[in-house]
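These notes are meant for a colleague who is opening this structure for the first time. They go through a few elements and loops in turn, and each point can be checked by eye.

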Amino acid sequence: MNTQTYAQAAAAGIWSSGAEHVGYIPSVTVAPVIHALVETDGGRDGVSEHVTPLSREEEAIGVLGALPLAGSFGAVVMQDNGFGNNLTALTTFSLSYHLPLLIVANTRGSLGEYNSMIHSISQHVPTILTTLGIPTLELDRRSSTDDWHDVIAEAGNHAKMTYRPVVVLASFWNTDGKVA
């Protein structure tokens, strides 16, 4: 029996993808994943040698998205509403320069969402990413923690193989993430 939480499975999937560095935009909704990433990397208080907080999503695309230029691979953990901030960086840098990047974004705006404003951006994120030609995979409570690990790991491999950013939209509603 697998005793991993969804957050631990997501973090393990990110490391299994071959990500050497992870940047994240601090948020209570992704905090369980960040905690698991930092803990498995031997750090604490939200920071470790390979896990770094960043201030904005477009900064994350610039910093982690540039790693392939130095022969490395990175991942970003954020909320899906952050695509409103990073689309220019994602399309004119990562996508245009064929730079692989794994992005794991917690989804907002689905059933049970308490913030009535977040639907305006979050419900359109899958369509926006598909329209831009960015491979997008979706996970929610219907998938097991093993599925979360495997899909995230394979998404990172796909990013490296295709030299493109790949996004995993992971809904923590009614999982151990529960969203605040």
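Helices and strands are here DSSP runs numbered from the N terminus, a helix (H or I) having at least four residues and a strand (E) at least two. With the elements named in that way, Asp45 is found in the loop between α2 and β2. The model is a predicted one, and the points below should be read with that in mind.

1. The loop between α2 and β2. Asp45, in this loop, has a phi near 55°, which is a positive value in a residue other than glycine. Asp45 counts as exposed because its relative accessibility is 70%, and the cut-off for that word is over 50%. Ser48 is found in the loop between α2 (31-40) and β2 (51-53) as well, but Ser48 is buried, with a relative accessible area of 10%. Leaving out residues up to four places away in sequence, Ser48 touches Val38, Asp41 and Gly43.

2. Helix α1. This helix covers residues 6-16, and its buried residues are Tyr6, Ala7, Ala9, Ala10, Ala11, Gly13 and Ile14. These buried residues pack against the strands β1 (21-24), β3 (74-79) and β4 (101-106), and also against the helices α2 and α7. Just after α1 comes Gly18, which takes a positive phi of about 95°.

3. Helix α4. A straight helix of 13 residues would span 18 Å at 1.5 Å a residue, whereas α4 (residues 83-95) spans only 14 Å between its end C-alpha atoms. A reader who looks along this helix should find a kink of about 35°, centred on Ala89. Ala89 is also one of the buried residues of α4, which include Phe83, Asn86 and Leu90 as well as Thr91, Ser94 and Leu95. The cover over the buried residues of α4 includes the helices α3 (57-65) and α6 together with the strands β3, β4 and β6.

4. The loops on either side of α4. In the loop between β3 and α4 lies Asn81, which counts as partly exposed because its relative accessibility is 27%. Asn81 touches Ile118, Ile121 and Ser122, when residues up to four places away in sequence are not counted. Between Asn81 and Thr136 there are 15 Å in space, C-alpha to C-alpha, and the two are 55 residues apart in sequence. In the loop between α4 and β4 lies His98, whose phi is positive, at about 55°, although His98 is not a glycine. His98 is partly exposed, with a relative accessible area of 40%.

5. Tyr163 and its contacts. Which residues does Tyr163 touch, not counting those up to four places away in sequence? They are His98, Leu99 and Pro100, so that His98 of the previous point appears here again as a contact of Tyr163. Tyr163 has its place in the loop between α7 (145-162) and β6 (165-170). Despite these contacts, Tyr163 is exposed, with a relative accessible area of 51%. From Tyr163 to Ala11 the distance is 22 Å, C-alpha to C-alpha, and the two are 152 residues apart in sequence.

6. The loop between β5 and α7. Asp140 is found in this loop, and so is Ser144. Is Asp140 buried or exposed? Asp140 counts as buried because its relative accessibility is 19%, and buried means under 20%. Ser144, by contrast, counts as partly exposed at 32% relative accessibility. Outside its neighbours within four places in sequence, Asp140 is in contact with Tyr6, Trp148 and Ser171, and Tyr6 is one of the buried residues of α1. Ser144 lies 22 Å from Glu113, C-alpha to C-alpha, with their positions 31 residues apart in sequence.

7. The largest pocket. The space in the largest pocket is about 400 Å³. Its lining has 19 residues, and those nearest its centre are Thr107, Ser110, Leu111, Asp140 and Ser171. The elements that give two or more residues to this lining are α6 (125-131) and β5 (136-139). By class, the lining is made up of six nonpolar, seven polar and six charged residues. Asp140 and Ser171, both among the residues nearest the centre of the pocket, are also in contact with each other.

Definitions and conventions:
Residues are numbered from 1 along each chain as its sequence is written. This is a predicted model: local features need pLDDT of at least 70, side-chain atom pairs count only at pLDDT 80 or more; totals for chains, interfaces and linings use all residues. Side-chain values use heavy atoms; hydrogens and water are left out. On a 1 Å grid over the protein atoms alone, a cavity is a set of points where a 1.4 Å probe fits but cannot get out, and a pocket is an open set with protein on both sides within 12 Å along at least five of seven lines; lining residues have an atom within 4 Å of a point. Grid points are joined across faces, edges and corners, and a volume is the space filled by probe spheres set on the points. Ala, Val, Leu, Ile, Met, Phe, Trp, Tyr, Cys and Pro count as nonpolar, Asp, Glu, Lys and Arg as charged, and the others, Gly among them, as polar. Buried means under 20% relative accessible area, exposed over 50%, partly exposed in between (1.4 Å probe, protein chains only). Contact means heavy atoms within 4.5 Å. The expected span of a helix is 1.5 Å times one less than its number of residues. The bend at a residue is the angle between axes fitted to the seven residues ending there and the seven starting there.
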